[in-house]
Amino acid sequence: MNAIPPTVHALMNAHPVVDVHSDYAIELYRAEQEGRPDALLTEHVPVLRQGGISMEVLTVGGDFEIGALELWDMGLVLRILDATRRQIDAHEECGIILSAEDLTRAELRTGIQLMLALEGIRCVEDVAALRFLHAAGIRAVILTHNERNLAADGCGESSPGGLSNFGRRIVREIRDLGMVFDLVHLSDPSFFDALEYYDLPPMVSHSNARALCAHRRNLTDEQIRMIGERDGVIGLNFLGMFITEDYRAATVDHLANHAAHIAEIAGPSCLALGPDYADYYMDAMRSWLLRDGLPSDLLTFAAGAETAAQLPVFIEALLRRGFSESDLTGILGGNALRLYRTVFSSSSTETAFTSSSTE
Ligand SMILES: [Zn+2]
């Protein structure tokens, strides 16, 4: 491993560093159940600090399971949401991002700022449930995990379609509420449909380039171009299987190639960090892999950057790959914060409670 040059630490200390996709809220709830009620402050914040991360977007539920936790169950989503909000509120150094005003704290790199997201809306059976979750603090929505739900087909469906009429109503509501719309995990037809119904800058929080690694979870060059044209943001995923065909051999330099490829098509201002770390609940993930007959080491991350604490290793690879310091401040967090600010500044309370009844 190369030594981290002082430039990298100086950049990461001076600018906001945003992880645009993490499942840590689920671990936080699991920890609480296991008698570790303060995991956010005692276990997670130290890791974030070590990695230089000042803001993180946390998934509180979705169309997938972690161990025995079926994360599409609305009761469970509410318990995870409740545990997360309680732990954030309990500590002065942590804050929740609910509005454009709150983003100023993230932009100034004040403490650790957290935003809450939903990764698949199977728990949302009508638009009212989405409004309720917004009121409870959710600010980013992914429509599906890899499978089909009432709203849309995910990228794991073998003959995927696009959005259902219900899905379209949900997307309009996401837009009217001024929520971040995250197109990750969608099938290709759903991706293109989604862009028709959402006119704000779109997020794809944890995907790489399909041209460099032909995985269904990655984005085609056309999709990357469309995200760039809409001033959207793509969070780079650090999981080996989304980086190279031989996932065990993935390095930070391979991942930097994805960054360079995406930047070549859509400019460096569309890049962000969406590592999708899972080191903290690997025990639960291994039992899931075993059950599905998948290799037990499938969740191997880019060598040297396997946990949030090692994020600087990848930033050093980007520097070596030729990204400028100004590109890097954008990738570290500036680009994601620009998108969040644009989206939060455009919520329309007049339309938020009327548009769903018109279709
Ligand atoms: Zn995901």
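How do the residues of the lining of the second largest cavity divide into nonpolar, polar and charged? In this predicted model, that lining divides into seven nonpolar residues, one polar residue and one charged residue. The residues concerned are Val 20, Val 57, Met 115, Ala 140, Val 180, Asp 182, Met 203, Ser 205 and Tyr 340, and the space they line has a volume of about 40 Å³. In general terms, rolling a probe the size of a water molecule over the atoms shows where empty space is left.

The count of cavities of 30 Å³ or more comes to two, and the largest of them has a volume of about 70 Å³. Its lining is made up of 15 residues, of which Leu 186, Arg 216, Arg 217, Asn 218 and Leu 219 are the closest to its centre. By class, the lining of the largest cavity has seven nonpolar, four polar and four charged residues.

Tyr 340, one of the residues that line the second largest cavity, also belongs to the largest nonpolar core, where Tyr 340, Leu 143 and Phe 314 touch the most other members out of a total of 133 residues. The largest share of this core comes from helix α13 (residues 325–344), which supplies nine residues. Phe 314, when its neighbours within four places in sequence are left aside, is in contact with Leu 236, Phe 238, Val 252, Leu 255, Ala 256 and Leu 273.

From the core we can turn to the aromatic rings, for which the count comes to seven pairs. The rings of Phe 181 and Tyr 198 have centres 5.1 Å apart and planes at 65°, and since an angle over 60 degrees counts as edge-to-face, the pair is placed in that class. Phe 181 lies in strand β8 (residues 180–182), whereas Tyr 198 lies in the loop between α8 (188–197) and β9 (203–204), so the pair ties together parts that are 17 residues apart in sequence. Phe 181 is buried, with a relative accessible area of 0%, and Tyr 198 is buried too, with a relative accessible area of 1%.

A tilted pair is formed by Tyr 277 and Phe 301, at 5.4 Å centre to centre and with 40° between the planes. Here distant parts of the chain are linked, for Tyr 277 sits in the loop between β11 (271–273) and α11 (282–291) and Phe 301 in the loop between α11 and α12 (311–321), 24 residues apart. Tyr 277 is buried at a relative accessible area of 4%, and Phe 301 is buried at 5%. Ring pairs link these two residues with Phe 238 and Phe 314 into a cluster.

The loop between β9 and α9 (221–229) holds His 206, which counts as buried because its relative accessibility is 1%, under the 20% limit. Leaving aside neighbours within four places in sequence, His 206 is in contact with ten residues that include His 21, Glu 119, His 185, Arg 217, Asn 237 and Asp 276.

His 185, one of those contacts of His 206, leads on to the largest pocket, where His 185, Phe 64, His 145, Asn 146 and Trp 288 lie nearest the centre among 30 lining residues. This pocket has a volume of about 680 Å³. Both β3 (65–66) and α11 supply at least two residues of its lining, and α11 gives the most, with three. By class, the lining of the largest pocket has 14 nonpolar, six polar and ten charged residues.

Technical notes. Residues are numbered from 1 along each chain as its sequence is written. This is a predicted model: local features need pLDDT of at least 70, side-chain atom pairs count only at pLDDT 80 or more; totals for chains, interfaces and linings use all residues. Side-chain values use heavy atoms; hydrogens and water are left out. On a 1 Å grid over the protein atoms alone, a cavity is a set of points where a 1.4 Å probe fits but cannot get out, and a pocket is an open set with protein on both sides within 12 Å along at least five of seven lines; lining residues have an atom within 4 Å of a point. Grid points are joined across faces, edges and corners, and a volume is the space filled by probe spheres set on the points. Ala, Val, Leu, Ile, Met, Phe, Trp, Tyr, Cys and Pro count as nonpolar, Asp, Glu, Lys and Arg as charged, and the others, Gly among them, as polar. A nonpolar core is a set of buried Ala, Val, Leu, Ile, Met, Phe, Trp, Tyr and Cys residues joined through side-chain atoms within 4.5 Å. Buried means under 20% relative accessible area, exposed over 50%, partly exposed in between (1.4 Å probe, protein chains only). Helices (H or I, at least four residues) and strands (E, at least two) are DSSP runs, numbered from the N terminus. Contact means heavy atoms within 4.5 Å. Rings of Phe, Tyr and Trp (its six-membered ring) pair if their centres lie within 6.5 Å; planes under 30 degrees apart count as stacked, over 60 as edge-to-face and the rest as tilted.
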